[in-house]
Each structure stands twice: as C-alpha cells, then as structure tokens.
Amino acid sequence: MTIIGSMTLRIAVYSDDSATRSAIKTALGTKIASDLPEIEILEFATGPALRLYMDQRGTDGKLRAELLILDGEAVPEGGMGMARQFKDELFQCPPIMVVIARATDSWLAAWSRAEASVMHPIDPFTITKTAAELIRARALATA
C-alpha cells in the first residue's frame, strides 16, 4: 500500500554541476521506496530557473515538487542560501535536502532550514532513505 496514492512524485534537483545532478539522479533511480510511487526528477542548473519553476503552481494550487535536493556547493548560487530563501518565501514549501561537501558544513545546512543534509560523494542508500523519510513525513503532516 502506498501512503501517497498513485501520483508521480516530483523531485527537483539543483546543481550547476551536471555530474552532481547525474549522480543524484542515478542514485535515486525511478522509485525510492516500495511504499511510495515512482518519481520524476526535474533537473535545474541555475537558481533563476529553479525559482521560476517553484513560483509556479499546478492547476490545483499546489507547488509542483514534493522534494527539493539542492547542491550546497553550487556556484554562483549555493543551495543552502536558496533553501533558506525558499523556506522564507514559499507558502507550504516542500521539504529540502542539501548536499554538502564537508561534515563541518552541517551547521550551515541547519541554518538554511533544510530538513536534511547528505554528503558528497552521493551514497545511493543514504540519499534514497533520506528522500523517502522526508516525503513520508510531509505526507503524514498534510494528511
């Protein structure tokens, strides 16, 4: 039984580095957990493109992504700053996971108000487990 129904989960992935986006996309695959629907990964290489997408809402008035995964090392605009901006500006902002390069950056991830952080290099088990937990928690909170 799925806890979210049969919809496709949209995960927005932001990084200026195509190799990082590819690593995240490969690690997530097409389904992150047996109790969750398949996922659709939306890739963004620039902050303005992601902001434009997130400012738009679907015909149901809801945001168009269930999870954001942001690269904290992206340039010129880092994912942690974007996370904080989204949390400040988006009503019912989806959960955010930031990808950090150093364990000592975890305090910055907390400052950004991201719900979770994972480390470079991308570990498929960690990122899928964390993504599933964030999506489940969001589904239960909005049910």
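The following paragraphs describe the sheet of this predicted model and the surroundings of residue T128.

The sheet is open and consists of five strands, arranged in the order β2-β1-β3-β4-β5. The pairing between the strands is parallel. Strands of a sheet pair through backbone hydrogen bonds, in either a parallel or an antiparallel manner. The edges are formed by β2, residues 39-44, and β5, residues 116-119, each of which pairs on one side only. From one strand to the next, the twist averages 20°.

At the β5 edge, strand β4, covering residues 96-100, runs parallel to β5 and is joined to β5 by four bridges. Within this pair of strands, I100 stands opposite M119 of β5. Helix α3, residues 79-89, packs on the sheet and touches three strands, namely β1 (9-14), β3 (67-71) and β4. The direction of helix α3 makes an angle of about 165° with that of β4.

Residue T128 lies in helix α5, which spans residues 124-142. The relative accessibility of T128 is 14%, and T128 is therefore classed as buried, the cut-off for this class being under 20%. The side chain of T128 reaches the backbone oxygen of P124 at 2.8 Å; P124 is the residue at which the range of helix α5 begins. When residues up to four places away in sequence are not counted, T128 touches A27, L28 and I32. The side chain of T128 thus has a polar partner in P124, while contacts of T128 beyond four places in sequence are with A27, L28 and I32.

Notes: Residues are numbered from 1 along each chain as its sequence is written. This is a predicted model: local features need pLDDT of at least 70, side-chain atom pairs count only at pLDDT 80 or more; totals for chains, interfaces and linings use all residues. Side-chain values use heavy atoms; hydrogens and water are left out. Helices (H or I, at least four residues) and strands (E, at least two) are DSSP runs, numbered from the N terminus. Buried means under 20% relative accessible area, exposed over 50%, partly exposed in between (1.4 Å probe, protein chains only). A polar contact is a pair of N or O atoms within 3.5 Å; within protein, one must be able to donate a hydrogen and the other to accept it, and residues adjacent in sequence count only if both atoms are side-chain atoms. Contact means heavy atoms within 4.5 Å. Two strands pair if DSSP finds at least two bridges between them. Axes are lines fitted to C-alpha atoms, for helices over the stretch in contact, and angles run from 0 to 180 degrees between N-to-C directions.
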